[in-house]
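Some words used for protein structures sound like everyday words but rest on a stated rule. Please look at the structure below and ask, for each such word, what makes it apply.

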Amino acid sequence: MTGPVAIALDINGERVDAHVLPRLNLADFLREHLKLTGTHVGCEHGFCGACTVRVNGDIVRSCLILAVQLHGASVQTIEGLSDSGEIADLQAVFRDRNALQCGYCTPGMLMAAQDLLKQQPEPDRERIREHLSGNYCRCTGYQSIIDAVETTARMRAGHRP
Amino acid sequence: MTITSPNPEILSELDRPNSYIGKVVPRPNLERLMQGRGLYVSDMELPRMGHVVFLRSPYAHARIIAIDASEARRLPGVIAVVTGDDLAAVITPWVGVLSHLKGLKSAPQHALAIERACWQGEAVAAIVANSRAVAEDAAEIVSVEYQELEAVTDMRTALDPQSPVIHASLGDNLAFERNLDAGAVNAAFADSEEVVEADFIFGRHTGATLEPRAVLADWNEAERRLTIYQGTQAPHMVQNIAALHLRLQDSQVRVVCKDVGGSFGIKVHIYADEMATYALSKLLRRPIKFVADRVESFNTDIHARDHRCKGRIGVKHDGTIMAFEIDDLTGIGPYSMYPRTSAIEANQVANLVGGPYLTKNYRARARVVFQNKNVMCQYRAVGHPIACSVTEGLVDLAAARIGMDPVEIRRRNLIGDDAYPCASPSGLRFELLSHHAALNKLMTMMNYEGLRSEQAQLRTKNIHRGIGIASFIEVTNPSAAFYGVGGARISSPDGSFSAILTTRLTAVAHGLREARV
């Protein structure tokens, strides 16, 4: 095993310098080194989507990408999206629709939903389902989550919820 | 309707008596969870915390000849490698039985296997290091010499005389048997015009909570107090059991349950590896954290619903159901789970079969056997899916045999809406159910006749569409009758008088329930 490697990157708008082991994945880097524990680890195999974050504008599974690959990158996590207010409306509708129960999948679900809403102004329910199909929720049964994303899309497009 | 009071000085609508009933009230913890500001046990860290990884048996049944951890102990970052014998100095074994399940037996189970591993996945050594990654590295270089033993895997042969007995002290592999005979079953089958039999086979399931099982135990040797942070559905039970087996007073153990990433019944039990984590903290005098990884979850979280059930139904040509009979067999692994036991699921199957129907003639045998597989126990909807599948499968087969529509046979046999209160042959008491009103409503909603005619038309085009109907009674929460029964203590077992409500979000909005209490 080789020793730590220096990386410098932007996380939620803050410049971060760190030394990381080559085998450290981004999820563990965020959670254990930076204490950004809003990014959750559910499977560590890229299936469950709980660890979804944004890297250079695209959503990725942070358990499947190594921290050393991110030198110079810009990373945004649920903490960043929450504090900037970027998803305040989406979060408000999640609350109104009770689109979360235990909350463990929710940060990843919000990251994936916001990704879709940025790409496509008014996705239909099928499109929402497809885009969230890589994010597992074991509590809600998904209906309220789809409702919340659909409602947010309509509100952003200037329609009534 | 969401009700909030803008000014806490002024009474809101919710401050009137019974004002919460039927209202949507805000859940207090949603904002935290949505902003990534929740606090799950997986997220927690304490100073001097060690991470434990368990080395697990690759064999279903094996004698442990020797464990060589000398190389692993030399790895930088490794704090300790602990075996079953080491841990037995601080924690006593347990037996997963409850007094209300008469005849249920199980063998003493240790936090880490001693001398013998009884299922593939039983922990045989604990590796503690300053990171989980280092602990996993070290686990790879712990060398265990095993002598493989014959394994009991098939529940159908577990009771055969030629099968090895997993726990010699128990005499056989039968953990529990219940026999129930209500009404006049033999006469009813004799009077039946048709008798239909079928075998129903169910594979193992598990709950797959998105956050795996997680516990952080912090023994403070100076204060002689243990603080357990655990994602659990039953914190008082954890307090009582940890104290009992670590030889502490309940007052020396504090259990803190923060956010829990899903439970579904998976986290209502106490697992050997969790017991080992409490004990490791006491042994090593520092905080120890265990978080199962996903593969470990699939292999060691309780499994459920592994049943083979023979069913029999007697019916008249006019559709009258004369009797039900079942012979249910389930394999639970090598130990009955602690403390709620692994006999509950089969017991519930016996309770529930035939439930919605009028016949009083019901015979059930439920047998629970040991095998060398991961432990099995009850999770969400305990026994209901088995009982419902068997009952409704038998009713459908009977309808097909006598050429009656599956809805019609149910209509002729469901308990009348004016029959309550009444009881099932197994003794479950029913109050104010409305099977007929529900069935009529369902027929209208789904346009049953229309769907049947569409089904017939499609069949001519070689499109086979299925229409399934099932009746079902869900047992509602019996509260203390479940949580305190048979010696499964939840609070104040020492006779002290206090009431402390400490639950957190697990999966079903517990915070909301607290707000209403």
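The questions and answers that follow take the salt bridge, the interface, the pocket, the cavities and some backbone features in turn, in a model that is predicted.

Q: Why is the pair Arg23(A) and Asp137(B) called a salt bridge?
A: A salt bridge needs a side-chain nitrogen of Lys or Arg within 4 Å of a carboxyl oxygen of Asp or Glu. In this pair the closest N and O atoms are 2.9 Å apart, and because the limit is 4 Å, Arg23(A) and Asp137(B) form a salt bridge. Across the interface of chain B and chain A the rule finds 6 salt bridges.

Q: What makes residues of chain B and chain A count as being in contact, and how many are there on each side?
A: Contact means heavy atoms within 4.5 Å, and by that rule 32 residues of chain B are in contact with 34 residues of chain A. The area buried between the two chains is about 2,600 Å², of which carbon and sulfur atoms give 51%. There are also 17 residue pairs in polar contact between chain B and chain A, counted where both residues have pLDDT 80 or more. On the side of chain B that touches chain A, the elements that give two or more residues are helix H1 (30-34), helix H4 (132-140) and helix H8 (294-300) of chain B. That side of chain B has 15 nonpolar, 7 polar and 10 charged residues.

Q: What makes the space of about 960 Å³ a pocket, and which residues are closest to its centre?
A: A pocket is an open set of points, whereas a cavity is one from which the probe cannot get out. The space of about 960 Å³ is the second largest pocket. Of the 36 residues that line this pocket, the closest to its centre are Asp28(A), Glu32(A), Ser131(B), Arg132(B) and Ala133(B). The largest share of the lining, 5 residues, comes from H4(B), and the lining as a whole divides into 13 nonpolar, 9 polar and 14 charged residues.

Q: Why are some spaces called cavities, and how many of 30 Å³ or more does the structure hold?
A: They are called cavities because a 1.4 Å probe fits there but cannot get out, and the structure holds 4 of them at 30 Å³ or more. The largest cavity has about 150 Å³ of space. Among the 20 residues that line the largest cavity, Gln109(B), Trp119(B), Tyr271(B), Ala272(B) and Asp273(B) are the closest to its centre. The second largest cavity has about 90 Å³ of space, and helix H10 (residues 384-402) of chain B gives the largest share of its lining, 5 residues.

Q: What makes Glu115(B) worth pointing out?
A: Most residues other than glycine have a negative phi. Glu115(B), however, has a positive phi of about 70 degrees although it is not a glycine. Glu115(B) is found in the loop between helix H3 (84-87) and strand E4 (116-117) of chain B.

Q: Which kind of peptide bond joins Tyr338(B) and Pro339(B), and which joins Tyr420(B) and Pro421(B)?
A: Most peptide bonds are trans. The bond that joins Tyr338(B) and Pro339(B) is cis, with omega about -5 degrees, and Tyr420(B) and Pro421(B) are also joined by a cis peptide bond, with omega about 0 degrees. Pro339(B) has its place in the loop between strand E16 (321-331) and helix H9 (344-352) of chain B.

Notes. Residues are numbered from 1 along each chain as its sequence is written. Chains are lettered from A and ligands numbered from 1 in the order in which they are written. Side-chain values use heavy atoms; hydrogens and water are left out. On a 1 Å grid over the protein atoms alone, a cavity is a set of points where a 1.4 Å probe fits but cannot get out, and a pocket is an open set with protein on both sides within 12 Å along at least five of seven lines; lining residues have an atom within 4 Å of a point. Grid points are joined across faces, edges and corners, and a volume is the space filled by probe spheres set on the points. Helices (H or I, at least four residues) and strands (E, at least two) are DSSP runs, numbered from the N terminus. Buried area is the accessible area (1.4 Å probe) that two parts lose on being put together, summed over both. A polar contact is a pair of N or O atoms within 3.5 Å; within protein, one must be able to donate a hydrogen and the other to accept it, and residues adjacent in sequence count only if both atoms are side-chain atoms. Ala, Val, Leu, Ile, Met, Phe, Trp, Tyr, Cys and Pro count as nonpolar, Asp, Glu, Lys and Arg as charged, and the others, Gly among them, as polar.
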